[in-house]
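Morning, everyone. I have one structure to walk through today. Please have a look at it first.

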Amino acid sequence: MNRRQYLHRSLSILSALYLVPTKLFAQPKRDWPAIEVLQNGWRHLVPKNFDVVSLRPRINISRAEQAKRFTPLEIEVLFEEGTENPYSSPYNEETRPGIYTCRACSLPLFSSEMKYDSKTGWPSFFTSIPDHMSKKADYKLIWPRTEYHCSKCGSHQGHVFKDGPPPTYERWCNNGVCLNFIAKNSA
Ligand SMILES: [Zn+2]
């Protein structure tokens, strides 16, 4: 077997090894159209005449502006990657239809249809509005976690874990102090 044949054969074996588990453990496809509709269909939960902030332009909130606009706890969690105490947010109990926006820049981040009760003490969601959140690795604890930030202003929101409910199996564990809830029937 020459070098080219050897490479070709190795690649075939690797492809087979990759495809078998993909087929065995693939999620049922019927769930995914529903989640895409839910991820992209959040605008029906926005109150009439409510001005929806758009992703662009991206903004940077200066330290001086932070001090003027936010409480010390909001500054700590939004801009210094702190965490609020569990069970401290009234949004744990919030079940009305509506949207959750970034407290710093008002970009919509989640809808009420994405929320569930994780019983962890923080408002929890099984997905978020596409492209409105950016993820990065966080090594502050011994094990690495994935933290996420608002894509418009960069403010810290929370961490995403893989122990959530179907269909995504994700738990977006958000600090309530980083959110504003806008009820659909509030306007
Ligand atoms: Zn923001």
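A term before we start: a nonpolar core here is a set of buried Ala, Val, Leu, Ile, Met, Phe, Trp, Tyr and Cys residues joined through C-beta atoms within 7 Å. Keep in mind that this is a predicted model.

So, the core. The largest one has 27 residues. Which members touch the most others? They are Cys 102, Leu 109, Phe 110, Cys 150 and Cys 178. Six elements give two or more residues each: α4, β1, β2, β6, β8 and β9. The largest share comes from β1, with three residues.

Stay with Cys 150 for a moment. Setting aside neighbours within four places in sequence, Cys 150 contacts Cys 102, Ala 104, Cys 105, Leu 107 and Leu 109. Met 133, Ser 155 and Gln 157 complete its list of contacts.

Next, the sheet. There is an open sheet of three strands, ordered β2-β1-β9, and the pairing is antiparallel. β2 and β9 are the edge strands, each pairing on one side only. From one strand to the next, the twist averages 30°. Between β1 and β2 there are three bridges. Look at Thr 101: its bridge partner in β2 is Pro 108.

Now the loop between β7 and β8. Pro 165 sits there. Is Pro 165 buried or exposed? Neither: Pro 165 is partly exposed, because 13 other C-beta atoms lie within 10 Å. Beyond residues up to four places away in sequence, Pro 165 touches Tyr 116 and Phe 126. Thr 127 is 38 residues away along the chain, and its C-alpha atom is 10.0 Å from that of Pro 165. Pro 167 is in this loop too. The peptide bond from Pro 166 to Pro 167 is cis, with omega near 10°.

On to backbone geometry elsewhere. Most peptide bonds are trans, and most residues other than glycine have a negative phi. Here are some exceptions.

Arg 56 and Pro 57 are joined by a cis peptide bond, with omega about 5°. Pro 57 lies in the loop between α2 and α3. Asn 49 is in the loop between α2 and α3 as well. Its phi is positive, near 65°. Asn 49 counts as exposed, because it has 6 C-beta neighbours inside 10 Å.

Last, Glu 81, in the loop between α4 and β1. Phi of Glu 81 is also positive, at about 60°. Glu 81 has 14 C-beta neighbours inside 10 Å, so it counts as partly exposed.

That's the tour. Thanks for listening.

Note on methods
Residues numbered from 1 in each chain as written. Predicted model: local features only at pLDDT ≥ 70, side-chain atom pairs only at ≥ 80, totals over all residues. Buried ≥ 20, exposed ≤ 12 C-beta atoms within 10 Å, placed from the backbone. Helix = DSSP H or I, 4+ residues; strand = E, 2+ residues; numbered from the N terminus. Contact = placed C-beta atoms within 7 Å. Pairing = 2+ DSSP bridges. Axes fitted to C-alpha atoms, helices over the stretch in contact; angles between N-to-C directions.
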